[in-house]
Amino acid sequence: MRLTSIASGSSGNCIYVGSENTHLLIDSGVSGKRIEQGLSSLSVSPEDLSGILVTHEHTDHIQGLGVMARRYHLPVYMTEKTGQCILETQNLGNLDPGLFQYITPEQEFKVGDLAVDAHAIWHDAADPVCYTVRDGDTKASIVTDLGDYSDELVDSLRDCSILFIEANHDQRMLEAGPYPYPLKQRIMGRYGHLSNDSCGTCIRELTGDRLQYVILGHLSKENNFPELAYETVRLSLGGGESSALEHIQLQVAYRDRVSPVAVAR
Ligand SMILES: [Zn+2]
Ligand SMILES: [Zn+2]
């Protein structure tokens, strides 16, 4: 099973996850052209995609959705409330609702040879979810845009080989930064985004034999930078050798280009 970020950050999100025979996108928040280029660097043709999983309706997750779904006639998996919200409020051009496949959190569904689970998360959107994708007993989880996490969510992430998780902001940079107070409150709140510290605490609960890759994503451009996110999480996992990091590759996803590919077996 392979996973890579085509783009990740507050300006646009698109993640590829796939097995030998089934290829999926999680969100399409950058242009169709950038998604096609990203796929081509992975030697995946857009015609070979089996569908797009949408986490929620914020623009940085659906900007290229209309183009990709129309151009390649792709099924779009999401909750019904997210679908309704996209149809009512977003300007994605003529999107055929026949392509919409409504899913229910906590109910596994299959796309090709991959099994997918959605889990509800706390975020200020209609019905946001994160996704876990399984190829046999290899599991990858993609968790972004969440203000907080529950024990149930942590349990759903156990035993994954690849964890893609939000490290949105550094608490102190956000507090001291230029954002207006209400926006700071929103980002820090339970329905906002995960800080570097909270991200590290969450990962600490998940380190185990199976976890091979941890990829930090959805970094804020204004309130974080890659080295700080990396170092904060690294320290919360015990720092150097003989720590939880001994068996884990820790990476930060690039904002504007394709990140290194994580391969788990
Ligand atoms: Zn969002
Ligand atoms: Zn987002």
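Is Glu106 buried or exposed? Select Glu106 to begin the tour of this predicted model. Glu106 has 12 C-beta neighbours inside 10 Å, so Glu106 counts as exposed. The cut-off for exposed is 12 or fewer.

**Stop 1: the loop around Glu106**

Stay on this residue and show the backbone. Glu106 sits in the loop that links strand E6 (100-102) to strand E7 (109-111). Check its phi: the value is near 70°, positive although the residue is not glycine. Most residues other than glycine have a negative phi.

**Stop 2: Asp159**

Next, select Asp159. Its loop runs between helix H5 (151-156) and strand E11 (162-166). Here too phi is positive in a residue other than glycine, near 65°. Asp159 has 17 other C-beta atoms within 10 Å, so Asp159 is partly exposed.

**Stop 3: helix H3**

Now go to residues 65-72, helix H3. Colour Leu65, Gly66, Met68 and Ala69, which are buried. What do the buried residues of H3 pack against? Add four elements to the view: helix H1 (32-41), strand E4 (49-53), helix H2 (59-62) and strand E5 (76-78). The buried residues of H3 pack against these elements. An α-helix has 3.6 residues a turn, so residues three or four places apart point the same way.

Step just past the end of H3. His73 takes a positive phi there, about 50°.

**Stop 4: Gly32**

Move to Gly32, in helix H1. Gly32 has 19 C-beta neighbours inside 10 Å and therefore counts as partly exposed; buried would need 20 or more. Leave aside the neighbours within four places in sequence, and Gly32 is in contact with Gly64, Val67, Met68 and Arg71. Of these contacts, Met68 is one of the buried residues of H3.

For the jump to the next stop, draw a C-alpha to C-alpha distance from Gly32 to Leu206. The two residues are 34 Å apart in space and 174 residues apart in sequence.

**Stop 5: helices H8 and H9**

Select helix H8 (residues 196-204) and helix H9 (residues 226-236). How do their axes cross? The axes come within 8 Å and cross at roughly 40°. H8 and H9 are therefore oblique to each other. Their crossing is right-handed.

Show side chains at the contact. From H8, pick Asn196, Asp197, Cys199, Gly200, Thr201, Ile203 and Arg204. They meet Leu228, Ala229, Thr232, Val233 and Ser236 of H9. Colour the contact by residue class: five are nonpolar, five polar and two charged.

Note on methods:
Residues are numbered from 1 along each chain as its sequence is written. Chains are lettered from A and ligands numbered from 1 in the order in which they are written. This is a predicted model: local features need pLDDT of at least 70, side-chain atom pairs count only at pLDDT 80 or more; totals for chains, interfaces and linings use all residues. Helices (H or I, at least four residues) and strands (E, at least two) are DSSP runs, numbered from the N terminus. Two residues are in contact if their C-beta atoms, placed from the backbone, lie within 7 Å. Axes are lines fitted to C-alpha atoms, for helices over the stretch in contact, and angles run from 0 to 180 degrees between N-to-C directions. Angles under 35 degrees count as roughly parallel, over 145 as roughly antiparallel, 65 to 115 as roughly perpendicular and the rest as oblique. A crossing is left-handed if the near helix is turned anticlockwise from the far one by less than a right angle, and right-handed if clockwise. Ala, Val, Leu, Ile, Met, Phe, Trp, Tyr, Cys and Pro count as nonpolar, Asp, Glu, Lys and Arg as charged, and the others, Gly among them, as polar.
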